[in-house]
Amino acid sequence: MTNPAVNAADDDKITPDILKVAGVVVLGAIMSILDITVVNVALPTFQEEFGVSELSTVAWTVTGYTLALAAVIPLTGWAADRFGTKRLYITALALFTLGSAACATAWSIESLVAFRVIQGLGGGMLMPLGMTIMTRAAGPHRMGRLMAILGIPMLLGPIMGPILGGWLIDAASWHWVFLINLPIGIIALVYAFMILPQDDTEPSESFDLVGVLLMSPGLALFLYGVSSIPETGTVASTKVLLPGLVGLALIVAFVFYSFKPKHPLLDLRLFKDRNLTLATIVMFLFTLAFFGALLLVPTYFQQIRGESVLKAGLLVAPQGIGAMLTMPIAGTLADRLPVGRIVPFGFVGIIVGMFGLTQSAEVDTPYIQVMAWLFVMGLGMGATMMPIFTSALRTLGAHEVARGSTLINVIQQVGSSIGVALMTVVLTNQIKASDAASALGATLQAQAQGEEPPAGALEVARQLGDSFLPTGFSEWADAFSTTYWVATIILVLTLIPVAFLPRKREAGLDDDAVKAPIVMH
């Protein structure tokens, strides 16, 4: 994605000094991205260790983290301008590292979720700040090649995260899922302090206090309400409706208010750009379906197939390998072809792979079949992400790129949070609707804690006799299939906005106008 208008002069080369700065950013990205995928594979372990009966409760360890990411990202641009990128980046590294250490000391699922929020506050600033640091160090004409470097953690995360998480849990304990961040974080802190140049702080934008008071608590309350649906089992619950409606009211108030200040917290005026609007809609629906469903795949391998955490991680790896193969190709093609000619092919791969999971989430499906569908889905994901980012930012002016990337980053995190809640509630309600599946879950949970199964579960087991286990596992697997069907339907509906993505190069768009897409979590 190198700008061809820039000739290969000496000052266009990636110098050792730039590579040193890139190393700092990559270390931060590795921590934040790996942590998301590492924790995904540990959810059943958390459920067992903390004696939690519902997977929906444990899913808060993911939702709380992404919620914190979404809340802090809009503030990052202003804070970097006010306090300096070096100082803020070191603060973010320290917050993430301390949050990791605190997670390892968690004594209950509630404390773990709280510490994950602290971790997310640091993690949310790492990638936006990293991109700002890289742009200042290298200049936009070298961003294409540096994106290949920053793409390393993005590609390795889906592959190494589940494997690393599984190995740490099997070889040591769940605590090491978080403790592994301590040595990396300390090295990154020392490295950043020594290598990053000190930048002058010249605040150019006023702080949108009203926007913060409306958007941050509004987003938090809304997502809290949505994420409480799996736990309550219904939308018509005070725990869901009260925070959800208050949060939605604050967000609506922010939408009307945001057109008044010159520098709002989130610049919704950018949605006048057709490409940004379409890309944002596609990104929201894509993350909602894809990441919400993908979260459940390691859980299927562990709970339905009885595999270890490590093997579950290894079985999920083909999805990351598929993405690794197509993402660099799609990123290069996005500079040469309209994204409307690239993204549809990626979505076909994602839909085919997700549909395959609806047919493969059985008790005795050959692993090679499940892995093949994950690989196909990964190929599609890799061909989709970078072109969508490129489409969102391509036609924005230079001063609008940072604000545009903030918008799409927030949308991605919100979509991911809602997706996790939606897919978890579908799975939970499907399990509850089956007497055999819910009784089996309650029995296994009681056995893991060394307790007597509930009377209701024992009665179901007595009635079914020898068919209790096969029936329970079969209907439990059917619950996963139904969840993947919901994700498949959402992905098919996403083809509607995908069809409107630009299929011709925009008039007047030259190579200098093409911006390197911003890597997200």
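**View 1. Leucine 248 and its surface patch.** With a relative accessible area of 38%, leucine 248 counts as partly exposed, because that label covers values between 20% and 50%. This is a predicted model, and here you can find leucine 248 in helix α12, which spans residues 238-257. Leu248 also belongs to a nonpolar surface patch of about 560 Å². Its partners in the patch are Val235, Leu241, Leu245, Val252 and Phe256.

**View 2. Phenylalanine 50 meets tryptophan 174.** Searching the whole structure turns up 13 aromatic pairs. One of them joins phenylalanine 50 to tryptophan 174 edge-to-face, with 5.3 Å from centre to centre and 65° between the planes. Phenylalanine 50 sits in the loop between α2 (43-49) and α3 (55-58), while tryptophan 174 sits in the loop between α7 (143-171) and α8 (176-179), so the pair ties together parts 124 residues apart in sequence. Phenylalanine 50 and tryptophan 174 are both buried. Take in Phe46 and Phe178 as well, and you have one aromatic cluster with Phe50 and Trp174.

**View 3. Phenylalanine 301 meets tyrosine 367.** Here is another edge-to-face aromatic pair, formed by phenylalanine 301 and tyrosine 367: the rings are 5.7 Å apart centre to centre, with 80° between the planes. Phenylalanine 301 comes from helix α14 (residues 297-303) and tyrosine 367 from helix α17 (residues 367-382), a link between distant parts of the chain, 66 residues apart. Both phenylalanine 301 and tyrosine 367 are buried.

**View 4. Lysine 86 over a ring.** To finish, look at phenylalanine 193: lysine 86 lies over the face of this residue, 5.3 Å from the ring centre.

Methods
Residues are numbered from 1 along each chain as its sequence is written. This is a predicted model: local features need pLDDT of at least 70, side-chain atom pairs count only at pLDDT 80 or more; totals for chains, interfaces and linings use all residues. Side-chain values use heavy atoms; hydrogens and water are left out. Patches are made of residues with over 30% relative accessible area and no salt bridge: like charges are joined within 9 Å, nonpolar side chains (Val, Leu, Ile, Met, Phe, Trp, Tyr) within 5 Å. Accessible areas come from the Shrake-Rupley method with a 1.4 Å probe; for residues, only the protein chains shown count as cover. A salt bridge is a side-chain nitrogen of Lys or Arg within 4 Å of a carboxyl oxygen of Asp or Glu. Helices (H or I, at least four residues) and strands (E, at least two) are DSSP runs, numbered from the N terminus. Buried means under 20% relative accessible area, exposed over 50%, partly exposed in between (1.4 Å probe, protein chains only). Rings of Phe, Tyr and Trp (its six-membered ring) pair if their centres lie within 6.5 Å; planes under 30 degrees apart count as stacked, over 60 as edge-to-face and the rest as tilted. A charge sits over a ring if NZ of Lys or CZ of Arg is within 6 Å of the ring centre and within 35 degrees of the ring normal.
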